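Here are some exercises to work through with the model open beside you. Try each task before reading its solution.

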Amino acid sequence: MTPWILHLSDPHLGQGHKLDDDKDQLEGQPDLETSQRVFERTLKTLSGFVSKHGAPEVVVVSGDLTYRNSRTGFERFVKLLTEDHAVLPKDHSRIVVVPGNHDVDWDEKPGAPARYADFLEATRDIGCVTPLLDGVDFDPTSGKLSGGPSTHHVQTGDFLVVPFNSSNYCGVLTNQRDSKSEDEWRKELAPLGDRAEELMEEIRRGRQVDMARISRSQIEALGEYFARQGLSTDHDPDQRLRIAVLHHQLLPISTREERKPYESLVDLGLVRETLRDYEFGLVLHGHKHESGIYWDTVTPAADQFGGRFRRILIISSPGDFQVKGPTMRAILSAQAPSARNISVFTFGGAGANRVHPDILSEQVVPLWTGSGGCDVKDEATISASGAHVGYSRLRSLFSLRDTRPQQNLVCEIDDPSDAGELPPDYPTAMENPQAWFSDLVSWWQKDRSELVQLGLTSFNHGERIRRRWGDQIDRAIRILGAREGSSRALVTLVAPRETGRYEADERSLETGSFPAFVLAEFSLSERDGKLLLDCVGYFRKQEMQFWWPVNLAELALLQKEVRDGLKDEIGIGRIVTFAAIALWEDDLPRVAVPILDRLLETPGRLMDMALSVAFPDADLEVARDDWVQTLVDLKGNGRPQPPRPHAGTSELHENVSRLQGVKPDAKLAPIVDLLEELRDQYATYPPGNDPPVSAVKVMIKRVEKLEGAVSAALGLED
């Protein structure tokens, strides 16, 4: 199940705003349609969403549970949480609630515990998570925590949700509209007798303002709270999505004019920079009863045009409970944590006839673009700290594109030190995927390949780089050693005479060699006081799901070899790949040479495989692993066209046949027969001549039988 969050806001329980046509009211109508009824009915319909996606990991309520601090509304909220709801968790510690301007007592001063008494009774007292509250959880002057036991965040495997209190100053008295103090007014109104107190209350109400503010002391207390809880104030090593919850909006979310004083957060700059510095990726709020999703780009005040910036996704809850109108949202997190896409479902208000949720829209947002340096457009750039993060972001990019090809795709990897390790989200069914990956990368960089010599494949990259036109790596080292700033350290894998450049080679327009990997460039650059070796690989076409990690690992090997040939003080820099056409295939490309053929490159390995089934007690663990990997590979890992080795199958068949005469008591006969059948079938369908589905089924069935025969010979059967 995909982890998700339910976002609710502004239900104003206890008020029950009427939705029916009020031109002709029915006397005694018990089923009057109200916003409260629509809110509660919509919640019940979400049971269908829960049955498909599982229960939400966290429920967020971003304020205004009630109307004007109505106790009836708070009681209704408590009752709602105790009812049998499929969507609202019984464990209230997974429910995050922040106070709205309607949830605090305006007659109490900011920072007074009594200001939050009813709100806390309806939330914190029944186990809900609430924000750090001024005067309750910390000293309003110093920001020092009071040391209470309450928890002010929710942490799951995917989310870190932190609530903020923006309502402490709602209803605060100000002298902006009146220069007289309260005592001066009382003295002046004293002659009016009984009317004086009534007028004094009117003056007081006139001086009240609905101010949205997150106090500096709350932010200071948050830092201390994070330290106490062992939470990092910025980078989360577990890459949880950091979500801030507050009641008030950060920026305008509609074209409606706002003429009310203090409509927005009065310390918005401080709040936005706090969200950036704590690396929040998502902000959920309510208050305006307007539906909105947008990016907020936050930069340091003194460095607007450069430096460290962050794009934070802001989601405003609709909070307007009309039938068929947007009411509440589900936020689903998908893809790897380092490259997270989120799906935002907006639910319509349920009418009396609805039993299933009315999904008005589903939007997919690439949250991973928020850290800067990433953009999702036709000429995309993926920037990442390492190879594995870059691969995760590629997966997320192509999931947004429904795997459609992408033109001019640039992937920039700052630190390629993990390029030699298979990404954890790489799709493979190999028994030992890292060994398979390392062998494949190594084969593509061999300077002399037996498979090329035998004509089983036209080339590999290493042969072109090191032998066909001389040792180009040595040449790159010599060029950079002589001229540090040179851009001439190029390694090319294509020569014009192979591609139909000359009239005499016209036929090579059809038959010439056109490697997808065209060239690599090495250059030296200085960053942060260090001299680094960068590498850029250009690909006329590149398959990204299966092949990009292999290509990156190849470039990392070449980069290290060039660096090792230069001065000791030169470090490894970034690797950049440029794909003129980037593809995302569901099938491992056929250029992935079958394992059984690649084993020809290492003398003796195919003979050891034969010996392992003839002499199962011999110490031939590597050969047994080769059998496992080979059989998994031959089954195709669910690919429509499984690999079809040629020379490797023949040699393995010959080796096992020879040993059958030497060791007649071994269980070799079925292995010999099945290898012979597979050899003949593979020969019938050489590269470029794909067998029909019926023939593929026969191949897979024979491989499965071979797997059983090998297990029997090795004594591994149940």
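**Exercise 1.** Not counting residues up to four places away in sequence, which residues does His92 touch?

*Solution.* A word on the ground rules: this is a predicted model, in which local features need pLDDT of at least 70 and side-chain atom pairs count only at pLDDT 80 or more, while totals for chains, interfaces and linings use all residues. Residues are numbered from 1 along each chain as its sequence is written, and side-chain values use heavy atoms, with hydrogens and water left out.

Step 1: locate His92 in the loop between α3 (71-82) and β3 (95-97); helices (H or I, at least four residues) and strands (E, at least two) are DSSP runs, numbered from the N terminus. Step 2: look for contacts, meaning heavy atoms within 4.5 Å. His92 touches Leu81, Ile126, Gly127, Cys128 and Val129. Step 3: check burial, where buried means under 20% relative accessible area, exposed over 50% and partly exposed in between (1.4 Å probe, protein chains only). His92 has a relative accessible area of 13%, so it is buried. Its partner Cys128 is buried too, at 5%.

**Exercise 2.** Find how many disulfides the model has, then look at Cys535.

*Solution.* Step 1: apply the rule, a pair of cysteine sulfur atoms within 2.5 Å. The count comes to 0 disulfides. Step 2: turn to Cys535, whose nearest cysteine sulfur, that of Cys411, is 13 Å away. Step 3: add the accessibility; Cys535 is buried, with a relative accessible area of 1%.

**Exercise 3.** Test whether the span of helix α9 agrees with its number of residues, and describe its surroundings.

*Solution.* Step 1: α9 covers residues 387-400, which makes 14 residues. Step 2: the expected span is 1.5 Å times one less than the number of residues. For α9 that gives 20 Å, and the end C-alpha atoms are 20 Å apart, which agrees. Step 3: 12 of the 14 residues are buried, so α9 is largely enclosed by the rest of the structure. Among the buried residues are Val389, Ser392 and Arg393. Step 4: the buried residues of α9 pack against β13 (341-348), β15 (381-386), β16 (406-415), α15 (548-564) and β21 (571-583). Step 5: move past the helix to Asp402, where phi is positive, near 55°.

**Exercise 4.** Is Ser338 buried or exposed, and what is it in contact with?

*Solution.* Step 1: Ser338 sits in the loop between β12 (326-334) and β13. Step 2: with a relative accessible area of 12%, Ser338 is buried. Step 3: leaving aside neighbours within four places in sequence, Ser338 is in contact with Gln239, Trp368, Val389, Ser392 and Arg393.

**Exercise 5.** Work out how α17 packs on α18, and how α20 packs on α21.

*Solution.* Step 1: angles run from 0 to 180 degrees between N-to-C directions, and axes are lines fitted to C-alpha atoms, for helices over the stretch in contact. Under 35 degrees counts as roughly parallel, over 145 as roughly antiparallel, 65 to 115 as roughly perpendicular and the rest as oblique. Step 2: α17 (residues 605-614) and α18 (residues 621-635) pack at about 100°, with axes 8 Å apart. They are therefore roughly perpendicular. The residues that meet include Met609 of α17 and Trp627 of α18. Step 3: α20 (residues 669-684) and α21 (residues 693-714) pack at about 155°, with axes 9 Å apart. That makes α20 roughly antiparallel to α21.
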